[in-house]
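Please describe the assembly shown below. Cover the DNA contacts, the relation between the protein copies and the fold.

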Number of protein chains: 2
Amino acid sequence: MDVLRAIKLLKEEGYKYTDKRKHMLQLFADEKRYLSAREVQEFLKTNFPGLSFDTIYRNLSIFVDLGILEETELDGEKKFRYTCPSGKHHHHLICLKCGKTKEIDACPMEKVTTDLSEFQITGHKFEIYGYCSQCTA
Amino acid sequence: MDVLRAIKLLKEEGYKYTDKRKHMLQLFADEKRYLSAREVQEFLKTNFPGLSFDTIYRNLSIFVDLGILEETELDGEKKFRYTCPSGKHHHHLICLKCGKTKEIDACPMEKVTTDLSEFQITGHKFEIYGYCSQCTA
DNA sequence: ACAATAAATAGTAATAATTACGATTTATAT
DNA sequence: ATATAAATCGTAATTATTACTATTTATTGT
């Protein structure tokens with residue numbers, strides 16, 4: 001996923017291409033790590049001092065729907081990052097301080113031998129947590 | 001973990017054995033599934049109409065510290081369940097509606113081949129989500 | 001059993017993340 | 001350039017969680 005493709009997706013789905021959306025997309029493309037709504041506000045407040053959370057959350061939600069962003073929840077907070085370029089299903093090793101990630105190759109679902117048939121499965125989550133070298137230094 | 005052992009642990013660590021704690025422990029022992037703070041309040045409100053969230057959360061936190069309860073976070077909400085009797089490290093298949101669980105045998109950490117050395121690992125989470133037979137019927 | 005004491009609790013307020021809403025502004029198509 | 005529907009702002013509402021103070025209560029030693 002790159003910014004040009006994200007813009008294309010937005011327009012194809014009938015969403016307007018606004019300055020705020022442009023900057024949000026660029027921010028995630030630049031940072032390539034999990035960010036909270038508050039962090040988005042902080043990054044963009046020099047350009048958009050009055051940027052409201054309504055706008056931030058609505059756009060984050062649209063970006064997730066379009067597959068532009070991936071979402072997770074860390075410590076009770078929603079976090080978002082640019083979808084990894086590989087495109088295929090994957091999981092993450094995540095720095096709890098800065099949101100930096102590393103892709104984990106295998107998906108544990110393939111190895112599960114437990115009988116899951118009693119449940120109608122809708123999804124799963126596998127994340128490894130820690131602190132990256134910058135954040136422990 | 002059974003209620004008697006939980007009570008023993010509480011006393012050993014210098015906590016008082018109160019009626020509210022007794023009922024909370026019994027509730028989790030009976031239900032054997034993930035419950036939210038609000039659900040705890042609802043279950044106990046006939047016996048304790050004025051039971052405050054301060055009390056509920058403080059006790060939940062103590063129980064987690066003592067290993068009596070396990071904690072997770074689903075959809076932005078903290079959920080708690082009685083620690084599984086097996087005692088060893090495990091993961092869960094979880095019903096998103098009622099909190100019922102099934103233990104998953106394998107831990108995916110054993111199979112990870114990705115190099116994790118760039119991070120100082122502190123933990124991981126593996127959960128499978130779905131709806132149990134009662135909740136889909 | 002009784003009194004002393006330190007912890008637990010109720011009632012309520014504060015905090016924090018997220019969602020919602022009416023009025024206004026703006027991107028886009030014509 | 002204009003019409004129009006979507007996007008945004010400013011702010012309020014909502015929800016889960018945590019915090020605070022006065023009061024109550026479980027425990028301990030006598």
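How far does a polar side-chain atom of A:Arg58 lie from a phosphate oxygen of DNA strand D? The distance is 2.9 Å. It qualifies as a polar contact, defined as a pair of N or O atoms within 3.5 Å; within protein, one must be able to donate a hydrogen and the other to accept it, and residues adjacent in sequence count only if both atoms are side-chain atoms.

This is a predicted model, in which local features need pLDDT of at least 70, side-chain atom pairs count only at pLDDT 80 or more, and totals for chains, interfaces and linings use all residues. Residues are numbered from 1 along each chain as its sequence is written, chains are lettered from A and ligands numbered from 1 in the order in which they are written, and side-chain values use heavy atoms, with hydrogens and water left out.

**DNA strand D**

A residue is near a strand if one of its heavy atoms lies within 4 Å of it. DNA strand D is surrounded by 19 residues. The closest are A:Thr18, A:Arg21, B:Asp54, B:Tyr57 and B:Lys78. Sugar or phosphate holds 64% of the strand D atoms within 4 Å of the protein; the rest belong to bases.

Both chains contribute. α2 and α4 of chain A, with α4 and β3 (77-82) of chain B, each supply at least two residues of this surface. Helices (H or I, at least four residues) and strands (E, at least two) are DSSP runs, numbered from the N terminus. α4(A) gives the most, with four residues.

The surface near strand D divides into four nonpolar, five polar and ten charged residues. Here Ala, Val, Leu, Ile, Met, Phe, Trp, Tyr, Cys and Pro count as nonpolar, Asp, Glu, Lys and Arg as charged, and the others, Gly among them, as polar.

**DNA strand C**

Strand C has 20 residues around it. A:Asp54, A:Tyr57, A:Lys78, B:Thr18 and B:Arg21 come nearest. Of the strand C atoms that come within 4 Å of the protein, 66% are accounted for by sugar and phosphate.

Again, elements of both chains take part. α4 (53-65) and β3 (77-82) of chain A, plus α2 (19-31) and α4 (53-65) of chain B, each supply at least two residues. The most comes from α4(B), with four residues. By class, the surface near strand C has four nonpolar, five polar and eleven charged residues.

The table lists contacts to phosphate oxygens of both strands.

| Residue and protein atom | DNA strand | Distance to a phosphate oxygen |
|---|---|---|
| A:Arg21, side-chain N or O | strand D | 2.7 Å |
| A:Thr55, polar side-chain atom | strand D | 2.9 Å |
| B:Thr18, side-chain N or O | strand C | 2.8 Å |
| B:Lys20, polar side-chain atom | strand C | 3.1 Å |
| B:Ser52, backbone N or O | strand C | 3.1 Å |

**How the copies relate**

Chain B superposes on chain A by a rotation of 180 degrees with 0.0 Å of shift along its axis (RMSD 0.0 Å). That is the relation of a two-fold axis. In chain B, the C-alpha of B:Phe126 is nearest the axis, 2.2 Å from it. The superposition is by least squares on the C-alpha atoms of residues with pLDDT of at least 70 in both copies.

Of the interface residues of chain B, 100% are also interface residues in chain A, so the copies meet through the same surface.

**Fold of chain A**

Chain A has five helices and six strands. Along the sequence the pattern is α-α-β-α-α-β-β-β-β-β-α. The C-alpha trace spans about 50 × 45 × 25 Å along its principal axes.

What is the order of the strands in the open sheet of three strands in chain A? The order is β1-β3-β2, with antiparallel pairing. β1 (35-36) and β2 (69-74) stand at the edges, each with a single partner strand, so one side of each is left without a neighbour in the sheet. Strands pair if DSSP finds at least two bridges between them. β1(A) and β3(A) are joined by two bridges. A:Ser36 stands opposite A:Lys79 in β3(A).

Helix α2 (residues 19-31) of chain A packs on this sheet. The helix touches β1, β2 and β3 of chain A, where contact means heavy atoms within 4.5 Å. Its direction makes about 80 degrees with that of β3(A). Axes are lines fitted to C-alpha atoms, for helices over the stretch in contact, and angles run from 0 to 180 degrees between N-to-C directions.

**Fold of chain B**

Chain B also has an open sheet of three strands, in the order β1-β3-β2 with antiparallel pairing. The edge strands, β1 (35-36) and β2 (69-74), each pair on one side only. B:Ser36 stands opposite B:Lys79 in β3(B). α2(B) lies across β1, β2 and β3 of chain B, at about 80 degrees to β3(B).
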